[in-house]
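Q: Could you walk me through one part of this protein slowly, as if I were looking at a structure for the first time? I would like to see how two neighbouring parts meet.

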Amino acid sequence: MRLKALQSKFLLTAAFIAIGTGNTNAQSINEVQKIANERGLSTADLLAAAKTYTPTGMKDEYVIFSSGGHSGQVFVIGVPSMRILRTIGVFTPESWQGWGYGVGNEILDEGNVSGRENRWGDTHHPALSETNGDYDGEWLFINDKSNARIAVIDLRDFETKQIIKNPLFINDHGGAFVPPNTEYIFETAQYNVPWGADHAPMSDYKDNFRGAVTMWKFDRKKGRIDKAKSFAIELPPYWQDIADAGKLASDGYFFLNSINTELATGGFGVEGEKNPPFEAGVSMNATDYLHIIDWKKAEKVFEAGKYTMIKDFPVISLKDAVSEGLLHLTPEPRSPHGVDVSPKGDFVVVSGKLDPHTTIYSVEKIKKAIANKTFSGQDEYGVPVLDFDSVMEAQVEVGLGPLHTQFGPDGYAYTSLFLDSAVARWTLGGDYGKLNPEPDWTLVQKTPVHYNIGHLGAAEGDTVDPDGKYLVAYNKWSVDRFVQTGPLMPQNFQLLDISEQGTEMPVIYDMPMGIGEPHYAQIIKADKLKSWSVYPEIGWDPTIQAVNPWAPRPKSERIERKGEHEVEIFMTSVRSHFTPEHVTVKQGDKVTWHITNTERAIDATHGFSIPVYNITLSLEAGEYAKFEFVADTPGTFPFYCTEFCSALHLEMMGYLMVEPAE
Ligand code: RUQ
Ligand code: CUA
C-alpha cells in the first residue's frame, strides 16, 4: 500500500493540480501526499474521496429511499456522500418524529392485523410514484412483508399518510410496484395461506391455499389508496416472489416470479416428519413460472363486475383470469428471484438464484406467443404456459447467485451476484446494442463487493430514463469492514462509480447501515423532490394536508371543560414557551389536546412530551397536532419541548396537574 502510494506520487500531484479549484500550491500538495502516505491511501482512494467528499453546505445530487427491513421504517440517504438524511417512521413507532406516541396512532391502527395492534413491519420494496415511467418525486409506497400491508408516504413532508392491510393474504413480497402512471400499487402474496389466513390443514395446500396479486387503486388527488376501487386476482399457490410493472413496449403488463411450483409443504426435522425440508422441496423442479399479467385487461374484467367477494374484497377467480386471457405463465430457470423490465420495456430480465445466467425474455415475443397461443401446455391449475423457446431472447452467464438487475443509460445492465459477492455489468442487445462498445448480450466485467449483495440500485435505474453514474450495492454482510459492534453488525452500502463505459466500476464509498436490514432502495435525482421547508400555513394538519379549523392560534389558547369528564386544551408553542403553561384536569377526564407550532422559521421544530402518559410529538414549523388520552393517573407531570430549539429551550416547559378524584 505504502509503496503504491509513493509510486503514485507524481500522478497524484498532477491530479490535484489539475482538479483543485482552490489555491493549490506546492505546500498543500505535499500535505495531501503526507496524509496519503501516513494513512496508506492509494491514488484510487484519493480519487474516491474526491468523488464522494461533500464539503459543508454542498448538497447531494441524488437521494436514496431505502427500505428499512424489519426496522419497519424507510431511510433517506444522500448520494454521493452516503449520509443519512432522515428516517421516516412507517410501520414502527418512531419517537423522534413523534410517530405513534399520541400522533399517527390512528394510521398505525389502520395496519392492525386481525384486530390486534401490530407495531413493527418488514419493509422490502419502496416504489416512488411515476409519471410516464419516470419518478415524479411526489409519493412513496412500501410493503410490509410480515403482515401484507402497504404504506403511503407523502414526499411533501416525508410522512406516512396511510397503512392498508391486505384482507386476503398475510404476507407479501412482490410489492410495492407501480405502473408508469401510478394508477395502481401492486402487491402480491408470498408464503401462501388460505384466504384471510384462516386455518386449514397443510394437507389442503393444493386445494385451499392461494396466491394472489392485489391491485390497489391510488387516488393521486386524495393521496390515498381507494379500497373501493381496488381488487385482487387469484393465482395458484406458488410462492409469488418479486415483481415489476411493464412500461412503454410492455405497458399494461405486470411480471412476477414464483418459487415453489412444486407445491412443497415442508415438514421435516422431527420424529415422524419425513418430507423434504423446504429449501430442498421448493427447489426440485428445473424451472418455475414467470407470471405475465395483463393488468389493463384485469381492470376491465373488474369493472365489468366479473369477480367474487372474498373476505369483503373483490377477487377475479383463477378460472376467469384464464378464460379472460389475462394470466399466462412461462418457465423460468429454477428458484428465480429478481424480475426487472428494461428501460424501453422491451425485455424482462429474470435471475435464478441457482442458475448462473440471467434469462432475458422478449416482450414482443411474449405478445406474439399469447396472440398465437404458442403454449407448451398448462400448469396443474389450467393456466396456459407460453413455450419457453418462443419467448426467450437471450441468456447471459453473469456469475453465481444472480438476484436483481438495474439499468444504465448506455445499454448496460447491472446484476447483483449474491454468491459471487459482485456486481456484474453486461450489455443489452436489441435497440440498446448501438449504445455500448461491446457486443450484445455479453458480460463486460465484474466488481467485487463486501459482502453478499442483495438488491442493487442504479440512479433512476428502474425507470424509462436511467441516469447511470452511481450504483449502490446493498450488501447483507459487512464481516470485516467496520469496527466490531458486538456480534450484530451493520449492513454495508457500497457506492460504485459506473460513469465510465468500458472501464472498471470502482467502489468509492462504504456506508455502514446500522439500522434495520434494508432490502430494495430507489435512487432519485434530488432536484425532483419538492419537499416543503415549513408547513404552508400556521395550523397545518399533516393528516389532511390543509389548515385544520380546530388549530389553536396565538391569543386563542384556552382550556375548555365540556361537561363532567371532558376537557379540551388549545395550546400554542413558539420559542420558547407553551401557552398555557399550567394545565389542570381531574383524574378520569378524557383529555383532547390541540397544539400548534406557530413558527415560520425553517427548522424551528418543537417537541412536546408528557411523562407517564407515553406522549411525545414532533411539531414542525406551522404544524397542528391533536392527541387524546384519559387522565387516569393523578399526579404532577412536567411537559417539555424535546427539541433543542433555542437558548431558552430548557425553559420551554409547563405542568400538567391531574387532581386525584375524591
Ligand atoms: S427481495 S428477500 Cu427484494 Cu431480493 Cu425481498
Ligand atoms: Cu422548543 Cu425546545
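A: Happy to! Let's begin where domain 2 and domain 3 meet: the area buried between them is about 1000 Å², and carbon and sulfur atoms give 45% of that area. Please keep in mind that this is a predicted model, and that every value here is computed from it.

Which stretches of the chain are we talking about? The domain assignment places domain 1 at 2-52, domain 2 at 63-528 and domain 3 at 540-659. The C-alpha centres of domain 2 and domain 3 lie 42 Å apart. At the interface, 13 residues of domain 2 are in contact with 13 residues of domain 3.

Now, what kinds of contact are found there? Six residue pairs across the interface of domain 2 and domain 3 are in polar contact, with both residues at pLDDT 80 or more. Salt bridges are another matter: the rule finds zero of them across this interface.

While you have the model open, look at a sheet as well. Four strands form an open sheet in the order 4-5-6-7, with antiparallel pairing. Strand 4 (127-131) and strand 7 (159-165) stand at the edges with a single partner strand each, so one side of each has no neighbour in the sheet. On average, neighbouring strands of this sheet are turned by 30 degrees against each other, direction ignored.

To zoom in further, follow strand 5 (residues 134-144) and strand 6 (residues 149-154), which pair in the antiparallel sense over six bridges. You can find one partnership by eye: Leu140 has Ile153 in strand 6 as its bridge partner.

Conventions: Residues are numbered from 1 along each chain as its sequence is written. Chains are lettered from A and ligands numbered from 1 in the order in which they are written. This is a predicted model: local features need pLDDT of at least 70, side-chain atom pairs count only at pLDDT 80 or more; totals for chains, interfaces and linings use all residues. Side-chain values use heavy atoms; hydrogens and water are left out. Two strands pair if DSSP finds at least two bridges between them. Helices (H or I, at least four residues) and strands (E, at least two) are DSSP runs, numbered from the N terminus. Axes are lines fitted to C-alpha atoms, for helices over the stretch in contact, and angles run from 0 to 180 degrees between N-to-C directions. Domain bounds come from an automatic or database domain assignment. Contact means heavy atoms within 4.5 Å. Buried area is the accessible area (1.4 Å probe) that two parts lose on being put together, summed over both. A salt bridge is a side-chain nitrogen of Lys or Arg within 4 Å of a carboxyl oxygen of Asp or Glu. A polar contact is a pair of N or O atoms within 3.5 Å; within protein, one must be able to donate a hydrogen and the other to accept it, and residues adjacent in sequence count only if both atoms are side-chain atoms.
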